[in-house]
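Subject: Structure handover

Hi,

Here is the structure I promised to pass on. Have a look at it first, and then read my notes underneath.

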Amino acid sequence: MSPILLDFPMPITTTRLIIRPMQPGDGVQLFSQIEQSRDNLRAWLPWVDYVKCQEDSEITARTFYADFILRKAFHFVICLDEQIIGGLGLSFINWTIKRMNIGY
């Protein structure tokens, strides 16, 4: 089966949190979170240095959403009361042997 045909139940909802794919419109909150933690994030998320303004973060959010749709990578946001408080990523996917990297 082609990975693009895989369906995933989204969002994942708990009593406190919602985990969902990053999507268009998340750029404003994403930029705010990056600005608050840029120096710490840089060591783990190399794409952070390319996000210099809200427009860049919206491009990143939309690119991550496109990757999700195409099953190239999975970038999720963790939300509490509709505010992004964290992220989770599954990347470098090898569908043949069903392997990927996990980052959070």
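Below is what I found, starting with the sheet and ending with the odd backbone spots.

Before anything else, please keep in mind that this is a predicted model.

**The sheet**

The sheet is an open one, built from 5 strands in the order S1-S2-S3-S4-S5, with antiparallel pairing. At its edges sit S1 (12-13) and S5, each of which pairs on one side only.

If you walk across it from S2, you come to S3 by way of 5 bridges, and the two strands run antiparallel. S2 covers residues 17-21, and two of its residues are handy for getting the register: Ile19 has Ile78 of S3 as its bridge partner, while Pro21 is matched with Phe76 of S3.

S3 itself spans residues 74-80 and is mostly covered, with 5 of its 7 residues buried. On its way to S4 (residues 83-94) there are 7 bridges, again in the antiparallel sense. Here Val77 has Gly87 of S4 as its bridge partner. The hairpin of S3 and S4 has 2 residues between the strands, and Asp81 takes a positive phi near 50 degrees in that hairpin.

The last step goes from S4 to S5, an antiparallel pair joined by 4 bridges. For the register, look at Leu90, which stands opposite Ile102 in S5. The S4 and S5 hairpin has 4 residues between its strands.

**The cores**

Which residues make up the largest nonpolar core? There are 11 in all: Met22, Leu30, Phe31, Ile34, Val48, Val51, Ala61, Phe64, Val77, Cys79 and Ile84. H1, H2 and S3 are the elements that give two or more residues to this core, and the largest share, 3 residues, comes from H1. There is also a second, separate core of 6 residues, and Ile19, Phe68, Leu90 and Ile93 are among them. Ile19 and Leu90 both came up above: Ile19 is the bridge partner of Ile78, and Leu90 is the residue opposite Ile102.

Val48, a member of the largest nonpolar core, is worth a click. Leaving out residues up to four places away in sequence, Val48 touches Ile34, Arg38 and Leu41.

Another one to zoom in on is Thr60, in helix H2 (residues 54-70). Is Thr60 buried or exposed? Its relative accessibility is 13%, so Thr60 counts as buried, the cut-off being under 20%. Apart from neighbours within four places in sequence, Thr60 is in contact with Leu30, Trp47 and Val51. Leu30 and Val51 from that list also belong to the largest nonpolar core.

**The pocket**

The largest pocket has a volume of about 770 Å³. Its lining counts 27 residues, and those nearest the centre are Leu45, Trp47, Gly87, Leu88 and Tyr104. Helix H1 (27-42), S3, S4 and strand S5 (99-103) are the elements that give two or more residues to the lining. S4 gives the most, with 8 residues. As for chemistry, the lining divides into 18 nonpolar residues, 9 polar ones and no charged ones.

Two of the central residues tie back to other parts of this email. Trp47 is in contact with Thr60, and Gly87 is the bridge partner of Val77.

**Odd backbone spots**

As a reminder, most residues other than glycine have a negative phi, and most peptide bonds are trans. A few places here go the other way.

- Met10 and Pro11 are joined by a cis peptide bond, with omega about -5 degrees. Pro11 sits in the segment before S1.
- Phe92, in strand S4, has a positive phi near 50 degrees. Where does Phe92 stand on exposure, buried or exposed? Its relative accessible area is 61%, over the 50% cut-off, so Phe92 is exposed.
- Lys98 has a positive phi of about 55 degrees without being a glycine. You will find Lys98 in the loop between S4 and S5. With a relative accessible area of 70%, Lys98 is exposed too.

That's the lot from me. Over to you!

Cheers

Definitions and conventions. Residues numbered from 1 in each chain as written. Predicted model: local features only at pLDDT ≥ 70, side-chain atom pairs only at ≥ 80, totals over all residues. Heavy atoms only, no water. Buried < 20%, exposed > 50% of the residue type's maximum accessible area, 1.4 Å probe, protein only. Pairing = 2+ DSSP bridges. Contact = heavy atoms within 4.5 Å. 1 Å grid on protein atoms, 1.4 Å probe; cavity = no way out; pocket = protein on both sides within 12 Å on 5 of 7 lines; lining within 4 Å. Points joined across faces, edges and corners; volume = space filled by probe spheres on them. Nonpolar A, V, L, I, M, F, W, Y, C, P; charged D, E, K, R; others polar. Core = buried A, V, L, I, M, F, W, Y, C linked by side-chain atoms within 4.5 Å.
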